[in-house]
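Please open the model in a viewer and keep the sequence panel at hand. The tour below proposes a series of selections and states what is to be found at each.

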Amino acid sequence: MNKVMIIGAGGVGAVVAHKCAQLPEVFGEIVLASRTLAKCEAIAAQLPRSIKTACVDADNVPELVALLRAEQPLLVINVALPYQDLTIMDACLEAGVHYMDTANYEPLDTAKFEYHWQWAYREKFEQAGLMALLGCGFDPGATNIFTAYLAKHYFDEIHTLDIIDVNGGDHGYPFATNFNPEINIREVTAECRHWEDGAFVTTPAMSLKQSFTCPEGVGSYNIYRMYHEELESLTANFPTLRRAQFWMSFGDSYLKHLEVLGNVGMTGIAPVEFNGQQIVPIQFLRALLPDPASLGPRTVGKTCIGCVVSGVKDGQQKTVYLYNIKDHQECYAEVQSQAISYTTGVPAMIGAKMVLQGHWLKPGVWNVEQLDPDPFMADLNAYGLPWTVVENPDFTLV
Ligand code: NDP
């Protein structure tokens, strides 16, 4: 019986648990472990079959190793926070368990969005005969695989990549984040980097925007260029790329709140002293904001996330757009979560399935675009995230 351990019982962890529970033939046994046992139990109570729950501090390697040795899963699906990636990788190595995650390791005190800490584990995983699969959510994750799929089936050589992440959802709050607020705000306030002619070019955060009209009537939104971690691995794995950019939609109210919060210092990640206590402003802000997991019932509208790739095929220049559209309320009806957690959790479940079924299983540390995109793409259609390809779309991007 294939046994997996999901670590992290937040918005994404809940979706991964639901989707794995729906596939008993692949995920024979499931353990959901997190810092707060009550959150694991609340998720377990929603599921169609019984799973085990456990309490673990994923910052603590010996504690993780003890749990892994006791449970002996084949694979850990890490959907805790990026701060725990390395401790969980260390524990997997010690206990002989395959590893996967949806976000690159982040040190607590600096926002980096870089893979080098995890890539440095390559030899250790290879020597142990274990696999570490990195960044298997939607972006990173599905977007990397979309790029690999287009490169494989539509082009001889790819030259430009624009990843466009639109969330047309409305939760009715003046300000809330759709996934972990600390990680989300770190991402959005970081300087922008995009790939241009062989190097990353840095520009101020949110300094370039354009309007983008989503297909299938999802609507028109302002999208802003920002840095996103998949640009690092994609430009390394597709060296013919001359330009690679990531765009995300933001509403005016979100940006106004973020500007004010930034101006008063509430988005800082360096500790400040308050009444004799060290407080990290962004962590305090997180405590005030709505829990992303609570947005599910009140979020309406759709997400539209995809990749626009241009390049050459048989000597001809062409552009292809590959995207998924997902309705927030449809996600809530299925797994009691909004679409941001859903679009992250489903690719994580499929990535785990790819490893357990052997399609992707190989020792070492891998980014998802390095593996065969075809079985993953087929499973996206089968498990809730159908996609569409448009050749030579009728829009042009900046
Ligand atoms: P949440 O904050 O909702 O959930 C995080 C969970 O991890 C919580 O249950 C939390 O426990 C648990 N956790 C935190 N620290 C520890 C610890 N030391 N030991 C054990 N458990 C811990 O985040 P999300 O579910 O929104 O995001 C999960 C991950 O998914 C993040 O890494 C995020 O960056 C990534 N992500 C990736 C996306 C992609 O497309 N690739 C998109 C969205 C998210 P507690 O409940 O006690 O706080």
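The tour begins with the whole chain and then turns to single elements and residues.

**The whole chain**

Please note at the outset that this is a predicted model. Display the chain as a cartoon; 14 helices and 18 strands can be traced in it. The C-alpha trace spans about 55 × 55 × 40 Å along its principal axes. For 398 residues, a compact globule would have a radius of gyration near 21 Å, and the 20 Å of this chain agrees with that value.

Next, switch to a surface display. The chain exposes about 15700 Å², of which carbon and sulfur atoms supply 51%. Of the 398 residues, 57% are buried. How do the contacts relate to the order of the sequence? Among contacts between residues at least 6 apart in sequence, 72% join residues at least 24 apart.

Colour the charged residues to complete this overview. The chain carries 26 positive and 45 negative charges, and the mean positions of the two groups are 2 Å apart.

**Helix α1**

Select residues 11-21, which form helix α1. Is this helix enclosed or open to the outside? Of its 11 residues, 11 are buried, so helix α1 is largely enclosed by the rest of the structure. The buried residues include H18 and K19, as well as G11, V12 and G13.

Now add the surroundings of the helix to the selection. The buried residues of α1 pack against the strands β1, β2 (29-34) and β4 (75-78). They also pack against the helices α2 (37-46), α12 (328-335) and α13 (339-356).

**Salt bridges: K3 and E71**

Side chains of opposite charge can pair when their charged atoms come close. In this model the count comes to 13 salt bridges.

Select K3 and E71 and show their side chains. The two meet in a salt bridge, with N and O 2.8 Å apart. K3 belongs to strand β1 (residues 3-7) and E71 to helix α3 (residues 61-71), so that the pair links distant parts of the chain, 68 residues apart. Are these two residues buried or exposed? K3 has a relative accessible area of 11% and is therefore buried; E71, at 13%, is buried as well.

**Salt bridges: K152 and its partners**

Move to K152, in helix α7 (residues 142-153), and add D372, in the loop between β17 (364-367) and α14 (373-382). The side chains of D372 and K152 meet in a salt bridge of 2.9 Å, N to O. This pair links parts of the chain that lie 220 residues apart. D372 has a relative accessible area of 34% and is partly exposed, and K152 counts as partly exposed at 42%.

Keep K152 on display and add D374. These residues form a salt bridge too, the closest N and O atoms being 2.8 Å apart. Because K152 lies in helix α7 and D374 in helix α14, the pair ties together parts that are 222 residues apart in sequence. D374 counts as partly exposed, at 25% relative accessibility.

To close this part, select K3, E29, K52 and E71 together. Salt bridges that share partners join these four residues into one network.

**L130**

Select L130, in the loop between α6 (122-128) and β6 (131-134). With 6% relative accessibility, L130 counts as buried. Which residues surround L130, leaving aside its neighbours within four places in sequence? L130 is in contact with C92, L93, G96, V97, H98, F125, K362, P363 and G364. For a sense of distance, add T202: L130 and T202 are 72 residues apart in sequence, and their C-alpha atoms are 36 Å apart in space.

**K326**

Finally, select K326, found in strand β16 (residues 316-327). K326 counts as buried, at 4% relative accessibility. Apart from its neighbours within four places in sequence, K326 is in contact with G301, K302, T303, C331, A339, Y342, T343, G384 and L385. Adding I51 to the display gives a last distance: I51 and K326 are 275 residues apart in sequence and 27 Å apart in space, C-alpha to C-alpha.

Methods: Residues are numbered from 1 along each chain as its sequence is written. This is a predicted model: local features need pLDDT of at least 70, side-chain atom pairs count only at pLDDT 80 or more; totals for chains, interfaces and linings use all residues. Side-chain values use heavy atoms; hydrogens and water are left out. Helices (H or I, at least four residues) and strands (E, at least two) are DSSP runs, numbered from the N terminus. The radius of gyration is taken over C-alpha atoms; the globule rule is 2.2 Å times the number of residues to the power 0.38. Buried means under 20% relative accessible area, exposed over 50%, partly exposed in between (1.4 Å probe, protein chains only). Contact means heavy atoms within 4.5 Å. Accessible areas come from the Shrake-Rupley method with a 1.4 Å probe; for residues, only the protein chains shown count as cover. Lys and Arg count as positive and Asp and Glu as negative; His and the chain ends are not counted. The place of a charge is taken as NZ of Lys, CZ of Arg, CG of Asp or CD of Glu.
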